[in-house]
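This report describes a structure from the fold of one chain to the surroundings of its DNA strands. Please keep the sequence and the model in view while reading.

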2 protein chains.
Amino acid sequence: MSREPRREQLLNAADRVIQREGPAASMNAIAAEAGITKPILYRHFGDRNGLIRALTERHTGGLLAAVRAALAEPLERRDRVEHVLDTYLAGIEARPQVYRLLTHPEPGDPTGAGNALAPALRQIAEEITRAVQSQVDLGADRDLLAEAWGRGITGMVLAAGDWWLESKPCSRTRMVQALADLLWGRLAAAADLPTAVLPAAPAEPTEANGAV
Amino acid sequence: MSREPRREQLLNAADRVIQREGPAASMNAIAAEAGITKPILYRHFGDRNGLIRALTERHTGGLLAAVRAALAEPLERRDRVEHVLDTYLAGIEARPQVYRLLTHPEPGDPTGAGNALAPALRQIAEEITRAVQSQVDLGADRDLLAEAWGRGITGMVLAAGDWWLESKPCSRTRMVQALADLLWGRLAAAADLPTAVLPAAPAEPTEANGAV
DNA sequence: ACCGGGGTGTTACCTCGGGTAACATCGTCG
DNA sequence: CGACGATGTTACCCGAGGTAACACCCCGGT
């Protein structure tokens, strides 16, 4: 039997274990699930990171492609954004355990590099950056803004999505609305609440100042 | 010597090690830095998480208090938001290593709980949620929006801040502007770029299978 | 028929980090 | 003094990542 099919079987086993036990599953457990022992896993994937990487690349394909497609959808911008958000949330909703594996950076990376975003998410961030750069007119700051926003939006959706997944407080569509509203400047547009807890806030009617 | 001062000394040692070696520093290393051996650390902090928690609470105090104060500042809303962003970025800029410890969830937590946000950041998220709830008029969806936005904004700033810290692409004030602009709906307000030619830059045949 | 290579698999071991048990010491308070 | 509460130690356990050495099995080439 050539290497590839066997690899797939092993990945399937790993997938099952992680689906069941979460991303912290041990190599022993994965090997056992596959009906074999550790060294074979190491032969195929080098080390744990190799396994994880192979596993993520498998799933990332789908999510990343879906997000990329959503970003290129010929819709009104707001609708497109909602579509992207919905695509991501639907993706993580489908397989929470695997999704955690994708989204959370590898635990003990000795390289103190800043890993707020796991590789899979970094790809999504880059995708967003590219989309913004090519679709939105942001003037001279274009590049900086697109990059910062790509990361920022990804992180926003990651954190919010994580919370939503953990304690489903509302339907997916409502969540999409909430996030899209945030990106749409609703925070800026909303009125002040009258009685703020500020001790001596001079009542200056600060109405919504429009965007930029 | 009563417990507390000793605790402080140990925390100082841990701080130094982590400043130097990053968050993956071993208990042995920390003990050595303190001139003692492991069991003492465990007597004081129970387990590694206890140590980390104590360490984070120490630093979190400052950052959290600063953010909270910034959130309560009697400024125009946009200025307040910028002030909060600047406060956070200044905080992480001051001590990157410690900051990573604060912001990145403990590696191998067997409780498959969704931990996109480390405890320290969760507190900040709650702070933002409270601030939004008490200061902004969001109508009926108030609670849901405030919670979702609290998480989302925190995640956004985390991811963007991480990137900024890693590869300082611009000054802090410009970064603050970029993020504030994002929250202010500049994405919605900006014009379309004329030639919306979909570039479609596919990387490599990453074998997209599962349709998510 | 033989053999070698590339696949399969195994047992047994190493290292390292988190965590604990058992024991020894010092100072203070009753 | 004795007891207590802190200090500290050495030596160990366990589990997880990772490796070495060995064994089998099949298939194609000479």
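From the N terminus on, the elements of chain A follow the order α-α-α-α-α-α-α-β-α-α-α-β. In total, chain A holds 10 helices and two strands; helices (H or I, at least four residues) and strands (E, at least two) are DSSP runs, numbered from the N terminus. The model is predicted: local features need pLDDT of at least 70 and side-chain atom pairs count only at pLDDT 80 or more, whereas totals for chains, interfaces and linings use all residues. Residues are numbered from 1 along each chain as its sequence is written, while chains are lettered from A and ligands numbered from 1 in the order in which they are written.

**Packing and core**

Of the 212 residues in chain A, 40% are buried. A residue is buried if 20 or more other C-beta atoms, placed from the backbone, lie within 10 Å of its own. The largest nonpolar core (buried Ala, Val, Leu, Ile, Met, Phe, Trp, Tyr and Cys residues joined through C-beta atoms within 7 Å) has 117 residues. A:Leu179, B:Leu85 and B:Leu179 have the most contacts inside this core. Beyond its neighbours within four places in sequence, B:Leu179 is in contact (C-beta atoms, placed from the backbone, within 7 Å) with residues including A:Ala148, A:Gly152 and B:Leu85.

**A helix pair between the chains**

Helix 9 (residues 172–183) of chain A and helix 8 (residues 142–166) of chain B have axes that come within 10 Å and cross at roughly 65°. Axes are lines fitted to C-alpha atoms over the stretch in contact, with angles from 0 to 180 degrees between N-to-C directions. Among the residues that meet are A:Met175 and A:Leu179 of helix 9 and B:Leu145 and B:Trp149 of helix 8. This contact comprises eight nonpolar residues, one polar and one charged. Here Ala, Val, Leu, Ile, Met, Phe, Trp, Tyr, Cys and Pro count as nonpolar, Asp, Glu, Lys and Arg as charged, and the others, Gly among them, as polar.

**Surroundings of the DNA**

A residue is near a strand if its C-beta atom, placed from the backbone, lies within 6 Å of it. The table gives the classes of the residues near each DNA strand.

| DNA strand | Nonpolar | Polar | Charged |
|---|---|---|---|
| C | seven residues | three residues | six residues |
| D | seven residues | three residues | seven residues |

Around DNA strand C there are 16 residues, and those that come nearest are A:Arg6, A:Thr37, A:Pro39, B:Asp47 and B:Arg48. DNA strand D is surrounded by 17 residues, the closest being A:Asp47, A:Arg48, B:Arg6, B:Thr37 and B:Pro39. Helix 3 of chain B gives the largest share of the surface near DNA strand D, four residues.

Technical notes. Contact = placed C-beta atoms within 7 Å. Buried ≥ 20, exposed ≤ 12 C-beta atoms within 10 Å, placed from the backbone.
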